[in-house]
Amino acid sequence: MLTVQSLLDELDDFGLDPILAHYQADYDRRALLNDWISTTTWPDSFAFLNDHAATLTGTEFRELLAEDESETAHQHLAILDLVTQLPIEQVQAIVVDANTAEEAAFDAIEQGNLALLEAISMASVALQDREITSAIIAVIDLVATDSLEQ
């Protein structure tokens, strides 16, 4: 947490211009991320992501999403994970279409790509309606993390 004293210490250590630039950059990142998450439809969300993909896929944005404990933030982080591995059109289809998500999930299982499976599971709203597929993914996750006793 930023306190008056810590800000004064930063100003003393680095000077005004670098500190202002640092906090402005942080503000700009958070505003861009909020603009993306606040889109009201998936087509708008993916259009926004497409327009800002080079920026949003950066480490700083991933860290901001990882720090946020909301489902929305985790879903958007999973979407970023997917767009680094798959075409954005396919990621959009995974997010909104249960059949596409299910097929991608089973492909990830066949490939033994648990990271991809986890991202698909977290990103897909539609996949949550597939009870059997969701259960299979949950069991695979439990086995993979050696948490089967749960």
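## Starting at Leu11

Leu11 sits in helix α1, which covers residues 4-14. Keep in mind as you look around that this is a predicted model. How exposed is Leu11? With a relative accessible area of 27%, Leu11 comes out as partly exposed, since that label goes to values that are neither under 20% nor over 50%.

Setting aside residues up to four places away in sequence, Leu11 touches Leu16 and Ile19. For a sense of scale, pick out Met122: Leu11 and Met122 are 111 residues apart along the chain, and their C-alpha atoms are 41 Å apart in space.

## Where α2 meets α5

Next up is the pairing of helix α2 (residues 16-37) with helix α5 (residues 59-67), whose axes are 10 Å apart and make an angle of about 65 degrees. The two helices are therefore roughly perpendicular to each other, as that label takes in angles from 65 to 115 degrees. The crossing of α2 and α5 is right-handed.

Which residues of α2 and α5 meet? From α2 come Arg29, Arg30, Leu32, Leu33, Trp36 and Ile37, and from α5 come Glu60, Phe61, Leu64, Leu65 and Glu67. Sorted by class, this contact has seven nonpolar and four charged residues, with no polar ones.

## Where α3 meets α6

Helix α3 (residues 42-51) packs against helix α6 (residues 71-83). Their axes lie 13 Å apart at an angle of about 55 degrees, so α3 and α6 are oblique to each other. Here, too, you're looking at a crossing that is right-handed.

On the α3 side, the contact uses Trp42, Ser45, Phe46 and Leu49; on the α6 side, Gln75, His76, Ile79, Leu80 and Val83. By class, that gives six nonpolar and three polar residues, and no charged ones.

## A buried histidine

Is His76 of α6 buried or exposed? His76 is buried, at a relative accessible area of 4%, and the cut-off for that label is under 20%. If you skip its neighbours within four places in sequence, His76 is in contact with Trp36, Ile37, Trp42, Ser45 and Leu65. Two of those names, Trp42 and Ser45, turned up in the α3 side of the contact with α6, while Trp36, Ile37 and Leu65 belong to the contact of α2 with α5.

## The aromatic pair in α3

How many aromatic pairs are there? The count comes to one aromatic pair. The ring centres of Trp42 and Phe46 are 6.0 Å apart and the planes stand at 45 degrees, so this pair is tilted. An angle under 30 degrees would have made it stacked, and one over 60 edge-to-face.

Trp42 and Phe46 are four residues apart in α3, which means about one helical turn separates them. Their surroundings are worth a look as well: Trp42 counts as partly exposed at 23% relative accessibility, whereas Phe46 is buried at 4%.

## Where α8 meets α10

Further along the chain, helix α8 (residues 98-111) and helix α10 (residues 131-144) have axes that come within 11 Å and cross at roughly 25 degrees. That makes α8 and α10 roughly parallel to each other, because the label covers angles under 35 degrees. The crossing of α8 and α10 is left-handed.

Glu102, Ala105, Phe106 and Ile109 are what α8 brings to the contact, and they meet Thr133, Ile136, Ile137 and Ile140 of α10. The class breakdown is six nonpolar residues, one polar and one charged.

Key:
Residues are numbered from 1 along each chain as its sequence is written. This is a predicted model: local features need pLDDT of at least 70, side-chain atom pairs count only at pLDDT 80 or more; totals for chains, interfaces and linings use all residues. Side-chain values use heavy atoms; hydrogens and water are left out. Axes are lines fitted to C-alpha atoms, for helices over the stretch in contact, and angles run from 0 to 180 degrees between N-to-C directions. Angles under 35 degrees count as roughly parallel, over 145 as roughly antiparallel, 65 to 115 as roughly perpendicular and the rest as oblique. A crossing is left-handed if the near helix is turned anticlockwise from the far one by less than a right angle, and right-handed if clockwise. Contact means heavy atoms within 4.5 Å. Ala, Val, Leu, Ile, Met, Phe, Trp, Tyr, Cys and Pro count as nonpolar, Asp, Glu, Lys and Arg as charged, and the others, Gly among them, as polar. Rings of Phe, Tyr and Trp (its six-membered ring) pair if their centres lie within 6.5 Å; planes under 30 degrees apart count as stacked, over 60 as edge-to-face and the rest as tilted. Buried means under 20% relative accessible area, exposed over 50%, partly exposed in between (1.4 Å probe, protein chains only).
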